[in-house]
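User: Please take a close look at one helix of this model and describe how that helix sits among its neighbours. A connected account would suit me better than a list.

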Amino acid sequence: MLLLILSLLAYTSGLWLFSICRVEFNSLQEKLVFCIGLGFGVLSYLIMGLGFLGLLEPKIALGLIFGLIVLLFKDLLKVINETLNGLRTLFFKQFNGMAVVLLFFLFITCGLCLLQGLCPPYDWDDLAYHLPGPKLFMEHHRIFHIQDIAMANLPANIGMLYLLG
């Protein structure tokens, strides 16, 4: 549920920023990729800013998420409405044999991704610095230099999203 909320926030904030800059897109796929990418970048830099200010508290992170929801509420409702209308159109007006096959593969892919997401971390990267680095940052409420974990001292955007999770 958190991933869905963060993805909607990322897409909506990216869409909002691109609309301020008056950027237009040629296709829905292009719009999705660039808006979600920019939105997740904004979220990760906001979390990184909180870490540098020493404000990495769960309450502050939740306040940031709720603040973004309030700030982008009208745009969020518009995005949700457009998405539901698009799904309604797909399933009720254009539903054919090919859509059934694509939907089947979509459910298989989502199911496999869910199973992988529910597995405990096992890879070296995850166990060595992706998870311990953000955990230490949250325990100390700030981003700081960690002596024993060299790669955690280079907090990238994905590391900040791990921290938010």
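Analyst: A useful place to begin is Lys-59, which is found in helix α3 and which, in this predicted model, is exposed, with a relative accessible area of 74%. The C-alpha atom of Lys-59 is separated by 13 Å from that of Ile-47, a residue 12 positions away along the chain, and Ile-47 leads to the helix under discussion, since it is listed among the buried residues of α2.

Helix α2 covers residues 28-52; it has 25 residues and reaches 36 Å from its first C-alpha to its last, which is close to the 36 Å expected at 1.5 Å a residue. After the helix comes Gly-54, whose phi is positive, near 75°.

The buried residues of α2 are Cys-35, Gly-39, Gly-41, Leu-43, Ser-44, Ile-47, Met-48, Leu-50 and Gly-51, and they pack against α1, α3 and α8. Two of these residues can be followed individually. Ser-44, found in helix α2, counts as buried because its relative accessibility is 0%, where buried means under 20%; leaving aside residues up to four places away in sequence, Ser-44 touches Asn-157, Met-160 and Leu-161. With the sequence neighbours up to four places away again left out, Ile-47 touches Leu-56, Leu-64, Met-160, Leu-163 and Leu-164.

Ile-47 also has a place in the largest nonpolar core, which has 23 residues and in which Leu-9, Ile-47, Leu-56, Phe-137, Ile-143, Ile-146 and Leu-164 touch the most other members. Helices α1, α2, α3 (58-71) and α8 (157-164) each supply at least two residues of this core, and the largest share, four residues, comes from α2.

The packing of α2 against α1 can be described in more detail. The axes of α1 (residues 2-20) and α2 come within 7 Å and cross at roughly 105°, and the two helices are therefore roughly perpendicular to each other, a term that applies to angles from 65 to 115 degrees. On the α1 side the contact is made by Leu-6, Ser-7, Ala-10, Tyr-11, Ser-13, Gly-14, Leu-15, Leu-17 and Phe-18, and on the α2 side by Lys-31, Leu-32, Phe-34, Cys-35, Ile-36, Leu-38, Gly-39, Phe-40, Val-42 and Leu-43. Sorted by class, this contact has 14 nonpolar, four polar and one charged residues.

Methods. Residues are numbered from 1 along each chain as its sequence is written. This is a predicted model: local features need pLDDT of at least 70, side-chain atom pairs count only at pLDDT 80 or more; totals for chains, interfaces and linings use all residues. Side-chain values use heavy atoms; hydrogens and water are left out. Axes are lines fitted to C-alpha atoms, for helices over the stretch in contact, and angles run from 0 to 180 degrees between N-to-C directions. Angles under 35 degrees count as roughly parallel, over 145 as roughly antiparallel, 65 to 115 as roughly perpendicular and the rest as oblique. Contact means heavy atoms within 4.5 Å. Ala, Val, Leu, Ile, Met, Phe, Trp, Tyr, Cys and Pro count as nonpolar, Asp, Glu, Lys and Arg as charged, and the others, Gly among them, as polar. A nonpolar core is a set of buried Ala, Val, Leu, Ile, Met, Phe, Trp, Tyr and Cys residues joined through side-chain atoms within 4.5 Å. Buried means under 20% relative accessible area, exposed over 50%, partly exposed in between (1.4 Å probe, protein chains only). The expected span of a helix is 1.5 Å times one less than its number of residues.
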